[in-house]
Amino acid sequence: MESGSAAIVGLGITDMTRRRYDVTALDLAAEAVKLALDDCQLPKTQLDGLIVNGNLLSSEVRNNLQDALGLPDLTLLNTMSAGGATAGSMVQYASFAIEAGLASVVALVFADAPLRPASSIANSRYGVPVGPVSGLEGLGRTYGDRGQAAIRYAMAASRHMHLFGTTSEQLGAIAVAQRQWASLSPLAQKRELITLEDHQSSRLIAEPFRLLDCCLTSNGAVAVIMTSAEAAKDRPHSPVFVRGVGQGHPGDPGRSGFDHGVRTGAVAAGRQALQQAEIGLNDVDAVQIYDSFTYTVLVTLEDYGFCAKGEGGPFVSDGRLGVGGSLPCNTGGGQLSGYYAWGFTPLSEAIIQARGTAGERQVADCDHLMVSGSGGFLNYHTTVILSRLEGSRRAVVGHA
Amino acid sequence: MREEQLAARPSPVPDAESEPFFEAAGRSELLIRQCPACGAWAWPVPRYATCQNCLAPGLEWKRASGAGVIHAVTRVHYVPADDDPSWVPFMLGVVELDEGVRTQIVGLLAGKDDEARVGDPVRAVFSSTRDGVHVPWFEVSGNGSRVAGNEG
């Protein structure tokens with residue numbers, strides 16, 4: 001990929017400050033695409049590429065969005081699935097396609113409605129019983145493991161605490177800092193400030209996580225529209241150039257000697273993305289880090305190299321991530337306090353910051369943003385470097 | 001008391017594939033899978049047709065010692081609305097077995113101090129559900145001493 005050959009010109013985010021229980025993911029997806037087209041003042045007839053975030057609860061978006069939008073002339077159509085890391089993969093794929101001339105205007109779409117009564121998450125919330133599970137898969141039901149993400153991330157956090165002495169208070173500092181940012185964002189679901197004491201007194205979910213370590217759930221959608229760097233200059237907003245994308249996917253081999261969840265794919269993905277962008281960590285003005293849980297932020301910052309492995313606890317607890325801090329992190333509140341749209345939460349906030357339109361929460365002189373996506377249970381990782389500054393257009397491929 | 005609590009948990013339903021595992025659990029034996037080609041061990045969930053190490057097919061059921069250490073752990077304080085809230089808090093963990101392979105997330109039974117920590121030695125113990133299906137749990141071994149899983 002050439003650094004900066006493609007750019008983001010359109011952004012649509014449905015209103016997630018209101019709880020909309022009855023709307024479908026497909027309706028939300030179409031709404032977000034309409035908002036994004038309006039944002040970049042392009043007619044839908046200009047869209048020739050559509051990429052949908054997979055792994056979602058409802059299949060209707062990937063199956064029906066093209067027809068819902070009435071797009072008969074697509075030359076690029078795909079659904080991509082790497083969990084919370086998918087957004088970065090979608091940006092990378094769209095960049096390649098635009099660079100190769102396979103499509104000229106590409107919409108990337110995330111949409112989900114986990115709070116709808118018929119969804120599997122909502123079934124557990126509303127108490128719809130699940131029957132016995134046959135075979136060995138039924139063991140989890142006996143143990144009390146229903147596949148909850150909190151349990152899986154708690155396992156990784158327990159390793160980190162064991163190895164490095166990381167504390168719940170240090171995780172809490174991440175939640176407090178992100179709520180500071182959310183208090184300044186009209187897009188955020190949770191805007192009232194919290195203290196470390198609020199975090200420590202919130203109810204336990206799966207130790208070490210308390211309620212305020214966990215992300216929100218949202219019915220909502222985000223659409224992002226990309227085009228070439230040249231075409232981007234004719235759009236109303238300042239272009240946001242895609243300067244670098246990296247992937248790193250360790251999976252979870254389950255074998256001795258591999259510390260799953262403590263060392264993540266962020267190491268490889270971050271390095272590759274920075275190399276492509278031809279910048280270093282010191283050039284990064286703000287980070288938007290995938291935050292399924294507070295711990296995800298801590299381990300990602302370590303693996304990117306902002307601090308040494310094991311020093312994430314002290315690193316995050318000196319206020320540097322919050323408003324006025326030296327490393328602004330999740331400046332829209334992230335998924336802990338802003339809105340839950342998987343990799344499209346950090347991606348969307350990075351676009352807003354790179355444009356310089358974040359209002360009260362705008363980071364000054366925000367040239368380069370590092371954006372993470374994390375999927376599975378720390379199994380998959382993507383990193384995107386976005387910038388208001390054009391890239392060299394050189395193809396930099398790193399295998400360091 | 002604990003036996004009653006564990007018996008009240010939802011029972012797995014053995015099928016043809018898992019029958020040897022549950023049958024062995026009834027004899028207080030822990031079966032996991034081993035590759036006949038390279039000898040690598042595998043926890044049987046999720047089930048893969050080929051060895052994750054050498055990709056050979058035909059993994060076989062083999063008896064494991066049942067001994068290991070806690071690799072990761074959490075104490076869970078909530079259940080989904082259709083589960084029984086009287087279960088909480090309960091412990092779940094990942095166990096690194098002496099065979100060099102990790103379990104999926106399994107039920108842990110705390111030691112005498114009501115704790116289960118990363119690094120604590122554990123051994124497999126077996127408990128029957130009300131449906132008569134035997135299920136392995138991993139119990140913290142006292143004073144750090146290893147006890148063979150089949151002696152319980």
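1. The crossing of α6(A) and α11(A) is left-handed. This is a predicted model, and the remarks below should be read as such. The axes of α6(A) and α11(A) come within 10 Å and cross at roughly 50 degrees. That angle makes α6(A) oblique to α11(A). From α6(A), the contact draws on A:Tyr153, A:Ala156, A:Ala157 and A:His160. From α11(A), it draws on A:Tyr295, A:Thr296 and A:Val299. By class, the residues of this contact divide into 5 nonpolar, 2 polar and no charged.

2. Helix α11(A) also packs on α10(A). Two packed helices are described by the angle between their axes and the distance between the axes. Here α10(A), residues 266-277, meets α11(A), residues 294-304, at an angle of about 55 degrees. The axes of α10(A) and α11(A) lie 8 Å apart. The two helices α10(A) and α11(A) are therefore oblique to each other. The crossing of α10(A) and α11(A) is right-handed, whereas that of α6(A) and α11(A) is left-handed. A:Ala266, A:Val267 and A:Gly270 make the contact from α10(A). A:Thr300, A:Asp303 and A:Tyr304 make it from α11(A). The contact of α10(A) with α11(A) has 3 nonpolar, 2 polar and 1 charged residues.

3. How many residues of α11(A) are buried? The count is 11 of the 11, so α11(A) is largely enclosed by the rest of the structure. The buried residues include A:Glu302 and A:Asp303. A:Thr294, A:Thr296 and A:Thr300 are buried too, as are A:Val297, A:Leu298 and A:Leu301. The buried residues of α11(A) pack against α6, α7 (168-182), α10, α12 (312-316), α13 (334-338) and β10 (368-375) of chain A. A:Gly305 follows α11(A) and has a positive phi, near 100 degrees.

4. Next, the interface. The contact between the chains takes 37 residues from chain A and 40 residues from chain B. On the side of chain A that touches chain B, α4 (120-126), α5 (139-143), α6 (149-164) and β5 (204-206) of chain A each supply at least two residues. Which element gives the most to that side? It is α6(A), with 7 residues. By class, the side of chain A that touches chain B has 17 nonpolar, 12 polar and 8 charged residues. Helix α6(A) thus deserves a second look: it gives the most to this side, and its axis comes within 10 Å of that of α11(A).

5. B:Val101 is worth checking in the same context. B:Val101 sits in the loop between β5 (90-97) and β6 of chain B. Is B:Val101 buried or exposed? With 23 C-beta neighbours inside 10 Å, B:Val101 counts as buried. Leaving aside residues up to four places away in sequence, B:Val101 touches A:Gly254 and A:Arg255 from chain A. From chain B, B:Val101 touches B:Trp41, B:Ala42 and B:Trp43. B:Val101 and B:Asp114 are 13 residues apart in sequence and 26 Å apart in space, C-alpha to C-alpha.

6. Strand β8(B), residues 134-140, is mostly covered: 7 of its 7 residues are buried. In a regular strand the side chains alternate between the two faces of the sheet. B:His134, B:Pro136, B:Phe138 and B:Val140 point one way from β8(B). B:Val135, B:Trp137 and B:Glu139 point the other way. All of these residues are buried, B:Glu139 included.

7. Strand β8(B) has two partners to inspect. With β6(B), residues 106-109, β8(B) pairs in the parallel sense over 2 bridges. B:Leu108 stands opposite B:Phe138 in β8(B). With β7(B), residues 121-128, β8(B) runs antiparallel and is joined by 7 bridges. B:Phe138 is the bridge partner of B:Ala124. B:Phe138 therefore links to both B:Leu108 and B:Ala124. 

8. The turn and a separate sheet close the list. β7(B) and β8(B) form a hairpin with 5 residues between them. B:Gly132 in that turn has a positive phi of about 80 degrees. Chain B also has an open sheet of 3 strands, in the order β2-β1-β3, with antiparallel pairing. The edge strands are β2 (41-42) and β3 (60-64) of chain B, each pairing on one side only. Strand β1(B), residues 30-34, is joined to β3(B) by 5 bridges. B:Gln34 has B:Glu60 of β3(B) as its bridge partner.

Key: Residues numbered from 1 in each chain as written. Chains lettered and ligands numbered in written order. Predicted model: local features only at pLDDT ≥ 70, side-chain atom pairs only at ≥ 80, totals over all residues. Contact = placed C-beta atoms within 7 Å. Helix = DSSP H or I, 4+ residues; strand = E, 2+ residues; numbered from the N terminus. Nonpolar A, V, L, I, M, F, W, Y, C, P; charged D, E, K, R; others polar. Axes fitted to C-alpha atoms, helices over the stretch in contact; angles between N-to-C directions. Parallel < 35°, antiparallel > 145°, perpendicular 65-115°, else oblique. Left-handed = near helix turned anticlockwise from the far one by under 90°. Buried ≥ 20, exposed ≤ 12 C-beta atoms within 10 Å, placed from the backbone. Pairing = 2+ DSSP bridges.
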